[in-house]
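Colleague: I'd like to learn how to read burial, salt bridges and pockets from a model. Can we work through one case together?

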Amino acid sequence: MKQRVCVLGATGSIGVNTLDVIARHPGRYEVFALSAHSRVEELLAQCRRFKPRYAVLTQSGAARQLREQLGNSATVVLDGEAALAEIAAHPEVDVVMAAIVGAVGLAPCLAAARAGKRLLLANKEALVVGGSLFMQAARDGGATLLPIDSEHSAIFQCLPEDPRRWPAVIDRIVLTASGGPFRTREPGTLRDATPDEACAHPNWVMGRKISVDSATMMNKALEVIEARWLFDLVPEQIEVVLHPQSIIHSMVVCRDHSVLAQLGTPDMRVPIAYGLAWPERIDCGAERLDFTCLGALTFEPADARRFPGLQLAWEALRGPDGSTAVLNAANEVAVAAFLAGTIRFDHIHSVNAHTIERMRPGPADTGSIEALLALDHQARRVAESRVRSLS
């Protein structure tokens, strides 16, 4: 039988690549539901091509436009954030691609986890914000969590299928990072970096928010936090190295000190296809890796002067529960302010570090999704105040 897929964040780069892989295997998958925030035209084209049962736009005005343009289509258009959780937990859905950027993705990810779905996790915030609450929901619901970030997918592909065997294998893991557009730029000049420069990633085509995160290496900080929860590690078991070629996507250092690595072209369709078909493998459209054309594969330490935000991952993990949610909220505010031209590039770290220092979450801040979202809101207020002082 075909697997019915719900794609949360269908108009973003991960969502578009997911639909590309699905289109290559019409006998295996069908699109059951699609969601976006406000991109009416893009979602309209996807609805006309894939004919989903449901389409969700969280912006109500955009949803109204989509209903009008779809006319008599069989696709039911829903609106609002609550509809995201509705389609993610729908009893007819088999697979949920969670590709929404931001804390808004936490609620539908939790809903899918509690409903026992195969959950393809491209939304960092489910783990960075949700942490233990999210992992407990996945265990209670019997969900299958499959990481889609290329780094976490690489680690997953190097490990035994049975997670109970992972502690006996892993000594530590090494997440690779390209270094982004500023890997060789003089740190003293980064204060003058523009949004367009920060978004000019040398290897990957991504949205503007995640591209800025790559330039600051906050994306890698969030991936460190994700890895802690996905693979049940202590912070000291996670390392980061720069690998400019983006060919080795990450590595597992085993207890006997042998190293397992996953290699491939920098194409997000590879981890997406692996998540869709696991434990099988299917064609995804990515180019074959030609070893004769690779040249050198090089590694470098992450320069703390150029990427000071990376260290905040370990600081937040060693802090009280909820500190990682605070870091994520502050970073979302800071990146939005930078892209809007309100603060300088180097101010992003200032906002993040200030917010982490000012907030000390307690047990009452992490016991439920409502408490976590309230903590997220409070952290945003602190970060916004810092932005105003810097702008």
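**Burial, bridges and a pocket**

Modeller: Start with Glu151, which is buried at a relative accessible area of 11%. Buried means under 20%, exposed over 50% and partly exposed in between, with a 1.4 Å probe and protein chains only. This is a predicted model, where local features need pLDDT of at least 70, side-chain atom pairs count only at pLDDT 80 or more, and totals for chains, interfaces and linings use all residues. Residues are numbered from 1 along each chain as its sequence is written, and side-chain values use heavy atoms, leaving out hydrogens and water.

Colleague: Which residue meets the side chain of Glu151 in a salt bridge?

Modeller: A salt bridge puts a side-chain nitrogen of Lys or Arg within 4 Å of a carboxyl oxygen of Asp or Glu. Here Lys220 pairs with Glu151, at 2.8 Å from N to O. The pair links distant parts of the chain, with Lys220 in helix α12 and Glu151 in helix α8 (residues 150-158), 69 residues apart. Helices are DSSP runs of H or I of at least four residues, strands are E runs of at least two, and both are numbered from the N terminus.

Colleague: Is Lys220 buried or exposed?

Modeller: Lys220 counts as buried, at 2% relative accessibility. Its partner Glu151 is buried too, at 11%. Salt bridges with shared partners join these two with Lys124, Asp149 and Glu223 in one network.

Colleague: How many salt bridges does a search of the whole structure find?

Modeller: The search gives 25. One of them joins Arg53 and Glu92, with the closest N and O atoms 2.9 Å apart. This pair also links distant parts of the chain, 39 residues apart. Arg53 sits in the loop between α2 (40-50) and β3 (54-57), and Glu92 in the loop between α4 (81-88) and β5 (95-98). Check the burial here as well: Arg53 is partly exposed at 36%, and Glu92 is partly exposed at 29%.

Colleague: What separates the closest N and O atoms of Asp232 and Arg228?

Modeller: They are 3.9 Å apart, and the pair forms a salt bridge. Asp232 counts as exposed, at 63% relative accessibility.

Colleague: Next, pockets. How much space lies in the second largest pocket?

Modeller: A pocket is an open set of points on a 1 Å grid, with protein on both sides within 12 Å along at least five of seven lines; a lining residue has an atom within 4 Å of a point. The second largest one holds about 560 Å³. It is lined by 21 residues, and the closest to its centre are Met135, Leu145, Pro163, Trp166 and Leu230. The elements that give two or more residues to the lining are α7 (131-141), β7 (144-147), α9 (166-169) and α12 (218-230).

Colleague: How do the lining residues divide by type?

Modeller: There are 14 nonpolar, 2 polar and 5 charged residues.

Colleague: And a whole helix: is α13 mostly covered or open?

Modeller: Mostly covered, with 8 of its 9 residues buried. Among them are Ile272, Tyr274 and Leu276. Now take Phe291, in the loop between α13 (269-277) and α14 (312-318). Phe291 is exposed, at 58%.

Colleague: Where does Met359 lie?

Modeller: Met359 is in the loop between α16 (347-358) and α17 (369-390). This loop residue counts as buried, at 8% relative accessibility. From Met359 to Ala83 is 276 residues in sequence and 32 Å in space, C-alpha to C-alpha.

Key. On a 1 Å grid over the protein atoms alone, a cavity is a set of points where a 1.4 Å probe fits but cannot get out, and a pocket is an open set with protein on both sides within 12 Å along at least five of seven lines; lining residues have an atom within 4 Å of a point. Grid points are joined across faces, edges and corners, and a volume is the space filled by probe spheres set on the points. Ala, Val, Leu, Ile, Met, Phe, Trp, Tyr, Cys and Pro count as nonpolar, Asp, Glu, Lys and Arg as charged, and the others, Gly among them, as polar.
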